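Load the model in a viewer and keep the selection panel at hand. The stops below say what to select next and what is there.

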Amino acid sequence: MNIKWIKNINYRLIEWQKRKMHSVVIGYPYWLTIDPCNACNLKCVFCPTGQDRNTRTKAMLSFDNFKKMIDKIGPYLIHIDFCNWGEPLLNKEIFKMIEYVQKYLLVTKVDTNLNVEMDVADAIKLISSGLDRLNVSLDGASQETYGVYRRNGSFEKVVQNVKTLVEIRRNLNAKKPHMHWQFLVFKHNEHEIEKARKMANEIGFDSIGFTAPFCAIEWAPNNEDYNRYVVKENQVNFKTADLQCEWPWDGITINADGSVSPCCSVEDEKDDFGNILTKGFWRIWNGRDYRKARKYIRDRKALKEGNVCTRCDHIGSSNHTKVVYNEQYR
């Protein structure tokens with residue numbers, strides 16, 4: 001069967017099962033977050049990896065293990081994020097991974113701090129891999145503000161790496177990847193938003209976006225557009241809409257060691273639902289933990305034996321980007 005038809009049928013099946021909130025799902029997830037590496041070179045203030053909380057055993061995803069997993073679910077996927085708890089470009093096989101999934105007609109994205117040593121050869125590999133989008137985390141428009149959160153990071157190194165990639169992309173006459181500046185807005189850098197807008201084009205970014213972070217309340221910006229919290233009667237709560245978490249139906253997170261998390265926000269490996277390399281996809285996808293998660297989201301009733309999903313205090317607020325299957329996805 002044509003791979004486009006496979007994706008289309010699976011997408012429609014999953015959307016139907018999601019609307020019905022079935023606890024057993026016969027379709028495959030169409031969104032994948034996969035972590036090439038859960039180590040990082042920076043010490044970001046609110047990141048469990050950067051703060052060495054040791055909630056996960058350090059691992060580097062091998063290309064061979066990546067192939068085993070992607071060959072199982074790749075025909076059904078629409079989108080793949082190469083990043084979660086670490087810096088993906090520390091894994092030198094990531095270029096091969098991105099190139100390999102091109103045969104599955106996926107939209108690919110890498111989130112990176114880009115604070116890595118990048119020579120021309122690496123830049124060529126990245127541009128030539130077929131990557132669709134490169135999100136560069138750059139939280140400030142100067143070293144002074146950038147370094148407050150991205151500790152051990154060099155603003156100038158990131159800027160130079162972006163310029164190198166833009167030049168290589170131009171020299172190769174390539175249209176991809178789209179290079180996006182992702183700016184987490186904190187209290188200490190919100191005054192540089194307009195400066196960053198002007199700098200983005202000068203550096204060579206194709207776009208810039210400003211994101212409200214999950215952070216300590218004292219770090220939250222004054223600008224309400226980028227503040228996730230509301231303080232009422234000395235209590236701090238998330239600004240949440242009445243959203244349904246969609247991860248247990250349409251998305252899956254695979255960590256660098258092959259373990260499966262129900263979403264990209266699950267920090268502790270003890271909360272994972274199994275390892276896809278040893279347990280297999282289907283035994284996890286419709287295993288007890290996934291069924292519990294779906295039932296809890298559907299019924300909103302406490303379960304006698306819960307899991308990380310039934311304890312979640314911001315269901316829906318950390319969902320992935322909404323996917324609509326159309327020509328954007330070939």
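A salt bridge is counted here when a side-chain nitrogen of Lys or Arg lies within 4 Å of a carboxyl oxygen of Asp or Glu. The model is predicted, and by this rule it has 18 salt bridges.

**Stop 1: lysine 18**

Select lysine 18 and aspartate 250. Their closest N and O atoms are 2.7 Å apart, and the two form a salt bridge. The contact links distant parts of the chain, since aspartate 250 sits in helix α8 and lysine 18 in helix α1, 232 residues apart. Aspartate 250 and lysine 18 are both buried.

Add glutamate 246 to the selection. This residue also forms a salt bridge with lysine 18, with 3.3 Å between the closest N and O atoms. Glutamate 246 belongs to the loop between β8 (235-238) and α8 (247-250), while lysine 18 belongs to helix α1 (residues 3-20), so this pair ties together parts that are 228 residues apart in sequence. Again, both glutamate 246 and lysine 18 are buried.

Which residues make up the network of salt bridges here? Add Glu15 to the selection: Glu15, Lys18, Glu246 and Asp250 are linked in it.

**Stop 2: arginine 311 and aspartate 271**

Move to arginine 311. Its side chain meets that of aspartate 271 in a salt bridge, at 3.0 Å from N to O. Arginine 311 is in the segment after α11 (288-299) and aspartate 271 is in the loop between β10 (260-261) and α9 (276-279), so the pair joins parts that are 40 residues apart in sequence. Are the two partners buried or exposed? Arginine 311 has a relative accessible area of 52% and is exposed, whereas aspartate 271, at 13% relative accessibility, counts as buried.

**Stop 3: strands β1, β2 and β3**

Show the cartoon and select strand β2 (residues 79-82). Both of its faces are covered: His79 and Asp81 on one side, and Ile80 and Phe82 on the other, are all buried. In a regular strand the side chains alternate between the two faces of the sheet.

Now look at the neighbours of β2. β1 pairs with β2 in the parallel sense over 4 bridges, and isoleucine 34 stands opposite phenylalanine 82 in β2. β1, helix α2 (residues 63-73) and β2 make a right-handed β-α-β unit.

β2 is also joined to strand β3 (residues 107-112) by 4 bridges, and these two strands run parallel. Aspartate 81 stands opposite lysine 109 in β3. To get from β2 to β3 the chain passes through helix α3 (residues 94-100), in a right-handed β-α-β crossover.

**Stop 4: strands β5 and β6**

Select strand β5 (residues 178-184) and strand β6 (residues 207-211), which pair in the parallel sense over 5 bridges. Glutamine 182 has glycine 209 as its bridge partner in β6. With helix α7 (residues 193-203), β5 and β6 make a right-handed β-α-β unit.

Histidine 178 is in strand β5 and counts as partly exposed, at 27% relative accessibility. For a distance check, its C-alpha atom is 19 Å from that of lysine 322, a residue 144 positions away along the chain.

**Stop 5: aromatic rings**

How many aromatic pairs does the structure hold? The count is 20. One of them is formed by tyrosine 11 and tyrosine 30; this pair is tilted, with 5.0 Å centre to centre and 50° between the planes. Tyrosine 11 is in helix α1 and tyrosine 30 in the loop between α1 and β1 (31-34), 19 residues apart. Tyrosine 11 is buried at 11% relative accessibility, and tyrosine 30 is buried at 0%.

Next, select Tyr28, Tyr76, Phe273, Phe281, Trp282, Trp285 and Tyr290, which ring pairs link into a cluster. Add arginine 294: its charged end sits over the ring of tryptophan 285, 4.7 Å from the ring centre.

**Stop 6: cysteines**

A search of the whole structure finds 0 disulfides. For cysteine 37, the nearest cysteine sulfur is that of cysteine 40, 8.0 Å away. Cysteine 37 counts as buried, at 1% relative accessibility. The sulfur of cysteine 215 has its closest cysteine sulfur in cysteine 44, at 13 Å, too far for a bond. Cysteine 215 is buried, with 11% relative accessibility.

Note on methods. Residues numbered from 1 in each chain as written. Predicted model: local features only at pLDDT ≥ 70, side-chain atom pairs only at ≥ 80, totals over all residues. Heavy atoms only, no water. Buried < 20%, exposed > 50% of the residue type's maximum accessible area, 1.4 Å probe, protein only. Pairing = 2+ DSSP bridges. Right-handed = clockwise from strand over helix to strand, strands pointing away. Phe/Tyr/Trp six-rings, centres within 6.5 Å; stacked < 30°, edge-to-face > 60°. Lys NZ or Arg CZ within 6 Å of the ring centre and 35° of its normal. Disulfide = S-S within 2.5 Å.
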